[in-house]
Amino acid sequence: MTPAGPSGPERTTAAADGSVVVAGGVRIPVRNVWLLLLYASEFYQSGPEAFDGIEDYPEKLPELLAELLVASAEDRLRRPLTPSFRKTSRDLARVRGGIDTLRTESHQLLSRGLVACRFEELTVDTPRNRLIRTALASIARLCGDEELVRRCQGQSQRLAQLGVGILDDRAGQRDQSASAAARLTRNDQQDRSVLLAARLALQLSLPFGRTNPGHGRGTLDERQFRHLFERAVGGFYAVHGRGRGWSVQRGRKVGWKASGATLGMAAVLPHMVTDVWIDAPASGRRLIVDTRFAAAIRPGRFARETLDSGHLYQLYTYVREQESAADPASLEAGGLLLYPSAGSPLTESFISSGHRLGAATVDLSVASVCVREQLIAAAAPYLSA
């Protein structure tokens, strides 16, 4: 995706509660930012039944996650929390584990009858427990149900009394810790759903890349929104393509059909990586989707408005370079430029060298169910027989 913001006059679209999110000149209701976060999340892509109908009411997403988290915490706290080993260091009166010689000498600990030790100890203050406690406290601030808020805060306090801390307030470290906590082995699958829910709960309260305890206005910068839109589109097609028999890949590389390359070309030749690659085996069709955070139409020469030529050239390169005589779907693969917008509809296409290429916009100022319908409508013509 190209890091360019939309041009033209700014449009203002207020959410039902008056809250809006400004993204590169386009104002988007908070509920639709939550919808994109939902589509981009591993929790949504894991396909839990709890999401049936939630796309129609994304403003209810905090309550859904809060119910899941608090019920899981209440059930888990009926049994002792499972501890794990954690590396730590402490000044002790007797040796435990390894000795930190530098600290012991530099702080003259021996003169006080102490020695700096490094060792592992059992603790319930694990990254996973921290993630759940932090998510409970965070999601409570977004809920409108007072009883649910009280239950979330109560379970968070119980975890605190057992010695469980919270994740770092800095957004980057929170997200990193949440990611680490969600790396599960086959023996941890029973915890997968609740941990992914906790991670999504934190993302709902941090949509602007920084700690934001409230639920009011905030700014989603260009880079953050570009990345979010790309992941949301990929996640949406991955989930909704299952029922249609689509095979969806994100970040798939396209190799250059190069020959006669000079010795150093391999070191400087750029990689081609597609945003979303969709195969529909039933129809034998393929679609390459390139998401863009920019205005779909730009001023051209002689007062004409045109598609961005760079975007179109790049899409054309993708569909031509993936062609292979051994892969029938590649010979008529389609290409789609997909842009976010707020009230500027566009759905156009043409055929070049046997490939249908087009551009479409997804209006993020409308009702959430309409966002879903636009995403389906944008891809369906390229993948039908």
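1. Let us start at a single residue: Gln108 sits in the loop that links α4 (101-106) to β5 (115-123). Helices (H or I, at least four residues) and strands (E, at least two) are DSSP runs, counted from the N terminus. Although Gln108 is not a glycine, its phi is positive, at about 50°. Gln108 is also exposed, with a relative accessible area of 58%. Here exposed means over 50% relative accessible area, buried means under 20%, and partly exposed lies in between, using a 1.4 Å probe and protein chains only.

2. A word on what you are looking at. This is a predicted model, in which local features need pLDDT of at least 70 and side-chain atom pairs count only at pLDDT 80 or more, while totals for chains, interfaces and linings use all residues. Residues are numbered from 1 along each chain as its sequence is written, and side-chain values use heavy atoms, with hydrogens and water left out.

3. Now the overall picture. The protein has 13 helices and 16 strands, and 46% of its 385 residues count as buried. It exposes about 19600 Å², of which carbon and sulfur atoms supply 51%; such areas come from the Shrake-Rupley method with a 1.4 Å probe, and for residues only the protein chains shown count as cover. Of the contacts between residues at least 6 apart in sequence, 65% join residues at least 24 apart. Contact means heavy atoms within 4.5 Å.

4. Ser353 makes a good companion to the opening residue. Ser353 is not a glycine, yet its phi is positive, at about 55°. You will find Ser353 in the loop between β15 (347-352) and β16 (355-363). Ser353 is partly exposed, and its relative accessible area is 44%.

5. Next, two helices to trace by eye. Helix α3 (residues 61-76) has 16 residues and reaches 22 Å from its first C-alpha to its last, close to the 22 Å expected at 1.5 Å a residue. The expected span is 1.5 Å times one less than the number of residues. Buried residues of α3 include Leu61, Pro62, Leu65 and Leu69. Helix α13 (residues 368-383) also has 16 residues and spans 24 Å between its first and last C-alpha, close to the 22 Å expected. Among the buried residues of α13 are Val371, Arg372, Leu375 and Tyr382.

6. How do α1 and α13 pack? Two packed helices are described by the angle between their axes and the distance between the axes. Helix α1 (residues 30-40) meets α13 at an angle of about 45°, with the axes 10 Å apart. That makes α1 oblique to α13. The crossing of α1 past α13 is right-handed. On the α1 side, Arg31, Asn32, Leu35 and Tyr39 make the contact, and on the α13 side Ser368, Val371, Arg372 and Leu375 do. Axes are lines fitted to C-alpha atoms, for helices over the stretch in contact, and angles run from 0 to 180 degrees between N-to-C directions. Angles under 35 degrees count as roughly parallel, over 145 as roughly antiparallel, 65 to 115 as roughly perpendicular and the rest as oblique. A crossing is left-handed if the near helix is turned anticlockwise from the far one by less than a right angle, and right-handed if clockwise.

7. Helix α1 has another partner. The axes of α1 and helix α9 (residues 222-240) come within 7 Å and cross at roughly 60°. That makes α1 oblique to α9, and the crossing of this pair is left-handed. The residues in contact include Leu36, Leu37 and Tyr39 of α1, together with Phe225, Leu228 and Phe236 of α9.

8. The third pairing joins α9 and α13, which pack at about 75° with their axes 11 Å apart. That makes α9 roughly perpendicular to α13. Val233, Phe236, Tyr237 and His240 in α9 meet Arg372, Leu375, Ile376, Ala378 and Ala379 in α13.

9. Which residue 99 places along the chain from Arg285 has its C-alpha 7.1 Å away? The residue is Ser384. Arg285 lies in strand β11 (residues 285-291) and is partly exposed, with a relative accessible area of 26%. Beyond neighbours within four places in sequence, the contacts of Arg285 include Glu332, Tyr382, Leu383 and Ser384.

10. Finally, Gln322 lies in the loop between α11 (309-321) and α12 (328-331). Is Gln322 buried or exposed? Gln322 is buried, with a relative accessible area of 8%. Setting aside residues up to four places away in sequence, Gln322 touches Val254, Trp277, Arg286, Ile288, Ser330, Ala333 and His355. The C-alpha atoms of Gln322 and Lys257 are 8.3 Å apart, with their positions 65 residues apart along the chain.
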